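Trainee: Could you take me slowly through one part of this model, namely its pockets and what surrounds them? I would like a careful, connected account rather than a list.

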Amino acid sequence: MKSHKTALYILLIYLAMQLSSVVFMRPFALFMKKRYPTMGKEELVLTINGWYIVISFAVALLLSLIVIAFNRNFWKIFKQKPESIPTSILWGIIGFFLVFVGQWIGGIIEHSLGITQASENTANLTTIADAAPIAILALAIIGPILEEFVFRRVIFGSLVQTTNFFIAALISSLVFAVIHFDFSHIIIYAISGFIFAFLYYRTRRIITSIIAHMMLNGFVTAIQLYQEPIVKFLEQHQ
């Protein structure tokens, strides 16, 4: 029962973080305007968004860790013994490639359905990260950790205890896809979420899905930010 309350608190913290901009974005924007009075409007908006993403994610993760600290049994939801740390880390690395392949398959499916445009969500986040590099910290590290806590342990972990892996993974992956508000690419997000759930279930350690998630986000962010230099480099060495 205590673990269910902990899971609920973490979910509420995450939802509060998602809605926090309604209350805190305006005063934060005023603060940033005073701090950077000479910055152009477009760059200032991106910088404000970048810093707000980092701060809000960091606060939500910190609060979640505090809540978890009061419940030592929060991670003990499986009857089977978890894999060793080295094995779990290895599966996390393998998981990155599994998700990469899964997204490639998802891309093929979307293309067959006539969906050819790039991810608007990824493009927006990349633009923010380009203007405010601090945002990379949230995209590649803080965000994946927090999202694994919420979608894999809280949602998937709660469902798998009363249903089975497939149902729990399917529901949690769909919620994971919807919360990114990039509905044209919901298939790719859902496939990724399903594989993350599999990794967590396979090793019984959240660190596995966190590693795969961090590697994926870090890779995508790096490719998006340094796409032109990478293309030029490849062209020069062909």
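**A close look at the pockets and their surroundings**

Mentor: Please keep in mind from the start that this is a predicted model. Let us begin with the second largest pocket, whose lining is made up of Trp-75, Lys-76, Ile-77, Phe-78, Gln-80, Pro-82, Ile-85, Tyr-200, Arg-204, Arg-205, Ile-206 and Ile-207. Sorted by class, that lining holds eight nonpolar residues, one polar residue and three charged ones, and the volume of the second largest pocket is about 220 Å³.

The largest pocket, for its part, contains about 1500 Å³ of space. Its lining consists of 46 residues, and those that lie nearest the centre are Asn-121, Thr-122, Leu-125, His-180 and Tyr-189. Many helices take part, since at least two lining residues come from each of helix H1 (2-19), helix H2 (21-35), helix H3 (41-69), helix H4 (85-112), helix H5 (120-131), helix H6 (135-160), helix H8 (186-203) and helix H9 (206-225). By class, the lining of the largest pocket has 24 nonpolar and 21 polar residues, with one charged residue besides.

From the pockets we can turn to charged side chains, of which a general point may be made: those of opposite charge can pair when their charged atoms come close. In this model the count comes to two salt bridges. One of them joins the side chains of Glu-83 and Arg-202, with 2.7 Å from N to O. This pair links distant parts of the chain, because Glu-83 belongs to the loop between H3 and H4 while Arg-202 sits in helix H8, 119 residues apart. Glu-83 counts as partly exposed because its relative accessibility is 24%, and Arg-202, at 32%, is likewise counted as partly exposed.

The other salt bridge is between the side chains of Arg-152 and Glu-148, again with 2.7 Å from N to O. These two residues are four apart in helix H6, so about one helical turn separates them. Arg-152 has a relative accessible area of 0% and is therefore buried, and Glu-148, also with 0%, is buried too.

Finally, consider the outside of the model, where Trp-51, Ile-55, Val-59, Leu-62, Leu-63, Ile-66 and Phe-70 make a nonpolar surface patch of about 650 Å². Within this group, Leu-63 lies in helix H3, and because its relative accessibility is 40%, Leu-63 counts as partly exposed.

Methods. Residues are numbered from 1 along each chain as its sequence is written. This is a predicted model: local features need pLDDT of at least 70, side-chain atom pairs count only at pLDDT 80 or more; totals for chains, interfaces and linings use all residues. Side-chain values use heavy atoms; hydrogens and water are left out. On a 1 Å grid over the protein atoms alone, a cavity is a set of points where a 1.4 Å probe fits but cannot get out, and a pocket is an open set with protein on both sides within 12 Å along at least five of seven lines; lining residues have an atom within 4 Å of a point. Grid points are joined across faces, edges and corners, and a volume is the space filled by probe spheres set on the points. Ala, Val, Leu, Ile, Met, Phe, Trp, Tyr, Cys and Pro count as nonpolar, Asp, Glu, Lys and Arg as charged, and the others, Gly among them, as polar. Patches are made of residues with over 30% relative accessible area and no salt bridge: like charges are joined within 9 Å, nonpolar side chains (Val, Leu, Ile, Met, Phe, Trp, Tyr) within 5 Å. Accessible areas come from the Shrake-Rupley method with a 1.4 Å probe; for residues, only the protein chains shown count as cover. A salt bridge is a side-chain nitrogen of Lys or Arg within 4 Å of a carboxyl oxygen of Asp or Glu. Buried means under 20% relative accessible area, exposed over 50%, partly exposed in between (1.4 Å probe, protein chains only).
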